[in-house]
Number of protein chains: 2
Amino acid sequence: MPKKSFLPIVRELVRCYQAFEAHSAGHIRSMGLTPPQFDIIATLGNTAGMSFKELGEKTLITKGTLTGVVDRLEAKHLVGRSASPTDGRSQIVRLTAKGEELFGKVFPTHINHVGRAFMNYSATDLKQAESTLRQLRAALAGIEESA
Amino acid sequence: MPKKSFLPIVRELVRCYQAFEAHSAGHIRSMGLTPPQFDIIATLGNTAGMSFKELGEKTLITKGTLTGVVDRLEAKHLVGRSASPTDGRSQIVRLTAKGEELFGKVFPTHINHVGRAFMNYSATDLKQAESTLRQLRAALAGIEESA
DNA sequence: TATTGTTATACTCTATAACTATA
DNA sequence: TATAGTTATAGAGTATAACAATA
């Protein structure tokens, strides 16, 4: 297999993400949040809340860091903590009414804005891009185990 | 155009990048660097050096931050500064011998490791994935201007 | 003993703005 | 006046490890 042929893919992947992230981060900061904070709001949206453990697994934020990020969101009254009814060690994090409002108002705007990028995509293009990325993700996820 | 159909693409893109980044960051830290530091090493590799301005444009790191990151790499004796011969305000950053050695030794290893992900890709698959990502990048890059 | 979340430490990155020295 | 890079400031994320409470 030709060794260099995958390099453009990785390069383009990184650039795609950077292009997405550059826009995304700007919009996120315009609402007074950081990307990790938005990540948590988006993860908690449309759920009944979840434990720190689960939240950390979904957002890929480690527990020590997560405590700090949740602290800052709590200081902004966007999320709240409550004791788990089933496990005395566990805390449930969930959106407050203010957090729900932010999620409901800002998330669709955020999505719509990104959606403009796909104006010129046909339904077939969309399907094909999704399939390609799905395959790529499976491939990349395999790196760790094959190490 | 169906509004929701691009969401899986964005989601997969983020996951692809995270999968890549998770592995990449681990490898980078194992050689005592941070991702931004590695970014600079990789950008300076195989060049005769470049100004802070150019380096900042290529790595998307703003000038104030860049000074600090370069300071840390200089403290590790991986890069050096020298006055620009043509512009008295400008500094040229380039890899030291130690920096070149690190680049020459570690970069190929890094690339090869990522390359394993593409073991099951045919030449056609590679071409197609690259083309899809290139198209996606162009689309995403257009978001800013259309805002 | 193992797990959940908190705390403590130390460092790096980040944005922003004021500053200098050259152009 | 504008530009290249530095410095200063304040905040936020990160990894890591030690810790308390509970399982």
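The following exercises, each with a worked solution, treat the contact between chain A and chain B and the surroundings of DNA strand C in a predicted model.

**Exercise 1. Extent of the protein interface**

Determine how many residues each chain gives to the contact and what area is buried between chain A and chain B.

Solution. Begin with the residue count: chain A and chain B each contribute 48 residues to the contact. Next, take the area: about 5,100 Å² is buried between the two chains, and carbon and sulfur atoms account for 73% of it. Then turn to single residues on the side of chain A: A:Phe6, A:Phe118 and A:Leu133 lose the most area to chain B, and together they make up 11% of what that side buries.

**Exercise 2. Polar features and composition of the interface**

Find how many salt bridges and how many residue pairs in polar contact occur across the interface of chain A and chain B, and state which elements of chain A supply its side.

Solution. Count the salt bridges: four are found across the interface. One pair to inspect is A:Glu12 with B:Arg134, whose closest N and O atoms are 3.5 Å apart; this pair satisfies the salt-bridge rule because its cut-off is 4 Å. Count the polar contacts: seven residue pairs across the interface qualify, with both residues at pLDDT 80 or more. Assign the elements: in chain A, helix H1 (7-30), helix H5 (97-115) and helix H6 (123-146) each give two or more residues to the side that touches chain B. Of these, H6(A) provides the largest share, 17 residues. Finally, sort that side by class: 29 residues are nonpolar, ten are polar and nine are charged.

**Exercise 3. The surroundings of DNA strand C**

Identify which residues are closest to DNA strand C, and which parts of the strand they and their neighbours approach.

Solution. First list the residues: 21 surround DNA strand C, the closest being A:Lys53, A:Arg81, A:Ser90, B:Thr34 and B:Arg72. Second, divide the strand atoms within 4 Å of the protein: 71% belong to sugar or phosphate, and the rest to bases. Third, examine the base oxygens: one lies 3.2 Å from a side-chain N or O atom of A:Lys63, and one lies 3.1 Å from a side-chain N or O atom of A:Arg89. Fourth, consider the phosphate: a backbone N or O atom of B:Gly88 is 2.9 Å from a phosphate oxygen of the strand. Fifth, name the elements that give two or more residues to this surface: helix H3 (52-59) and helix H4 (63-75) of chain A, with helix H2 (35-44) and helix H4 (63-75) of chain B. Last, classify the surface near DNA strand C: three residues are nonpolar, ten polar and eight charged.

Methods. Residues numbered from 1 in each chain as written. Chains lettered and ligands numbered in written order. Predicted model: local features only at pLDDT ≥ 70, side-chain atom pairs only at ≥ 80, totals over all residues. Heavy atoms only, no water. Contact = heavy atoms within 4.5 Å. Buried area = accessible area lost by both parts, 1.4 Å probe. Salt bridge = Lys/Arg side-chain N within 4 Å of Asp/Glu carboxyl O. Polar contact = N/O pair within 3.5 Å; in protein donor to acceptor, adjacent residues only side chain to side chain. Helix = DSSP H or I, 4+ residues; strand = E, 2+ residues; numbered from the N terminus. Nonpolar A, V, L, I, M, F, W, Y, C, P; charged D, E, K, R; others polar. Near = heavy atom within 4 Å.
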